[in-house]
Amino acid sequence: MARFSLYDEEFHPSPWQQTWQEFRASHIALVGLFVLLMFIIFSVFAPWLVPYDPLEQNVDGLLIPPSWQLNGTVSHLFGTDALGRDLFSRIIYGCRVTLGSSFILVILAMLVGVSIGAIAGIMSGVRSSILNHLLDALMAIPTLLIAIIIVAILGTGLVNSMWAITLALIPQFIHHTRTFVRNEMKKEYVLASRLDGASNFQLFFNSILPNMIELLVVQGTLALSIAVLDVSALGFLNLGAQPPLPELGAILADGLDVAYIAPWNVALPGLTIFLMVLSINVVGDGLRSALRKRVSH
Amino acid sequence: MTDIMQVKGLTFKNEKKKHWFAQPEIFQLGPIELNVKRGETIAIIGENRSGKSLLAKLLVGAVEANSGEIVLNNNVYDARFNKKASRNSRTSDIRMIFQHSNESMNPALTVGRILDEPLRLNTGSDEATRKAIISDNLVKVGLLREHYYFYQHMLSDGQQQRVALARSIMLQPKVLVADEPFAALDPTIRSQTVNLILKLQQEMGLAFVFISHNLGIVRHIADKLIVMQDGNIVEAGKTETLFRWPQHEVTKKLILAYQSLVPQQTLR
């Protein structure tokens, strides 16, 4: 049956449309969203966007300055590094590696954290408490230290550093999910669904999860900004992604060797990391205030 | 007229200790004996903390009782054990309407999905059939078919109450239990809802058990009256008998309070 709106002169937005309207009202958040979208487009379509292979070395064009300087060329937009690799291509691929791996590890941490948190929220008593505080020990140690320990055991590499950051991100998802599920379980609509004959599993997926998506989005953006910073920090320290792999932190560390004669090799990757984290935080903040306004209206 | 529901020896004890040293707060409900006939309306009245809401929750199985038996539509349920198998058939025989309809609706789901839930979990019918049943029931409670796509925040209190009603009659129950269904509504919407329930009761042969503080409505629609105090039924009987010749002290107090509010001429 098609929606029939003869009497329906008032526009009734769904909760998601309402959130989008509140979000759109904040210009800063909208700009942040556009910047983030640009980074996402760069990461997804990197192979079609780059002018050069990011690993291709060119002995004839070492340390060419960026195109806006007097002796730069337009064929290398951001110039080249000490091995003659095109910096623009490397940064675009760097967005792909850094943002992509951060996305993957946030989703992984979210899946594990939300499932443990949901079980802990539905159960009660000591069992719930044990599940809740299962990974709390990880919160006592900074992410970088955990990563260094894991890397010391398993060896360096992007994947090992991703495991470390995932482990460090899980506890906050567990805590938030558990608190939320506990609060919702007390509400009458959950009792009503229970009287409909829903099991705990169905209760969580059909009644509580639709209400929880907002919380997940906000927590996810916060976790994403932490993940981007940590992935590039480990790359910078040579513990994460290894040099030939174009990862923003690793590119930054490479550029540090020639920082005095070619400052753009440090400034441009650093600026990219800064913009990426800033846009993620601005979007997360905008989402949070949009959701708060939506609830208070 | 046959009994559609018989409650035998339903008891509930609250013995939870809040602190190690604090005196445990003991509240005992029952034993309750109750017979409900087909198409009958029973009102439960009483002071606050007399166990009215708890009784309603025990009847539908939202709270587990300590002992007792409920015979419902020739099925015997042990009120103590809330097994999954018995709960499902109980779900389709006895349904509950909550006091605050806006809290009993999930804010993230459309009305259609809320109403779909009891059908999806309790009947094996496919989506098209379910949708037809839902729009039938929406019309039955006086809403439009388009309300299928509405969210909770788009509906007024009265409409939300209607949705709650639609949800409770979705499975063609035999008994409807309501916990102060009219408390939050203004007089106009209240009388509309009362009339709607009376109409549905006639159409479907529902037995209706409800809790109310509004003795005007109670006198208007209830066939039988139950007065509760401290977890026990202190008086039960025909509404008119109880209103004219109250025996127990609590009943006398409640009825006197009601009559002092109503001008004497309107009393027959």
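**Close-up 1. Buried residues of helix H9 of chain A in the predicted model**. In this predicted model, the buried residues of H9(A) are A:Tyr189, A:Val190, A:Leu191, A:Ala192, A:Ser193 and A:Leu195. The helix, which spans residues 188-195 of chain A, is thus mostly covered, with six of its eight residues buried. Just after H9(A), the backbone at A:Gly197 takes a positive phi of about 100°.

**Close-up 2. The side of chain A that touches chain B**. Contacts between the two chains involve 21 residues of chain A and 25 residues of chain B. On the side of chain A that touches chain B, the elements that give two or more residues are H9 and helix H10 (200-236) of chain A, and H9(A) gives the most, with six residues. Divided by class, the residues on this side of chain A are nine nonpolar, seven polar and five charged.

**Close-up 3. Helix H1 of chain A and its buried side**. Helix H1 of chain A covers residues 15-25, and its buried residues are A:Pro15, A:Thr19 and A:Phe23. These residues lie on the same side of H1(A), because they cover an arc of only 75° around the axis.

**Close-up 4. Packing of helices H2 and H4 of chain A**. Two packed helices are described by the angle between their axes and the distance between the axes. For helix H2 (residues 27-44) and helix H4 (residues 87-122) of chain A, the angle is about 100° and the axes are 8 Å apart; angles of 65 to 115 degrees count as roughly perpendicular, and H2(A) and H4(A) are therefore roughly perpendicular to each other. From H2(A), the residues A:Phe39, A:Phe42 and A:Ser43 meet A:Ile92, A:Cys95, A:Arg96, A:Leu99 and A:Gly100 of H4(A). By class, this contact of H2(A) with H4(A) has five nonpolar, two polar and one charged residues.

**Close-up 5. The open six-stranded sheet of chain B**. Six strands of chain B form an open sheet with mixed pairing, in the order E6-E7-E8-E3-E9-E10. Strand E6 (94-97) and strand E10 (232-238) of chain B stand at the edges, and because each has a single partner strand, one side of each is left without a neighbour in the sheet. From one strand to the next, the twist averages 20°.

**Close-up 6. Edge strand E6 of chain B beside strand E7**. E6(B) pairs with strand E7 (residues 175-179) of chain B in the parallel sense, over four bridges. Across this pairing, B:Met96 stands opposite B:Val177 in E7(B), while B:Ile97 stands opposite B:Ala178 in E7(B). In a regular strand the side chains alternate between the two faces of the sheet. Both faces of E6(B) are covered, since B:Ile94 and B:Met96 on one side are buried, as are B:Arg95 and B:Ile97 on the other.

**Close-up 7. B:Ile226 in strand E9, and helix H9 of chain B across the sheet**. B:Ile226 lies in strand E9 of chain B and is buried, because 22 other C-beta atoms lie within 10 Å, where 20 or more suffice for a residue to be buried. Not counting residues up to four places away in sequence, B:Ile226 touches B:Ile42, B:Ile44, B:Ile233 and B:Ala236. B:Asn75, by contrast, is 151 residues apart from B:Ile226 in sequence and 24 Å apart in space, C-alpha to C-alpha. Helix H9 (residues 249-261) of chain B lies across strand E3 (41-46), strand E9 (224-229) and E10 of chain B, and runs at about 110° to E9(B).

Conventions. Residues are numbered from 1 along each chain as its sequence is written. Chains are lettered from A and ligands numbered from 1 in the order in which they are written. This is a predicted model: local features need pLDDT of at least 70, side-chain atom pairs count only at pLDDT 80 or more; totals for chains, interfaces and linings use all residues. A residue is buried if 20 or more other C-beta atoms lie within 10 Å of its own, exposed if 12 or fewer, and partly exposed in between; C-beta atoms are placed from the backbone. The arc is that of the directions from the helix axis to the C-beta atoms. Axes are lines fitted to C-alpha atoms, for helices over the stretch in contact, and angles run from 0 to 180 degrees between N-to-C directions. Angles under 35 degrees count as roughly parallel, over 145 as roughly antiparallel, 65 to 115 as roughly perpendicular and the rest as oblique. Two residues are in contact if their C-beta atoms, placed from the backbone, lie within 7 Å. Ala, Val, Leu, Ile, Met, Phe, Trp, Tyr, Cys and Pro count as nonpolar, Asp, Glu, Lys and Arg as charged, and the others, Gly among them, as polar. Two strands pair if DSSP finds at least two bridges between them.
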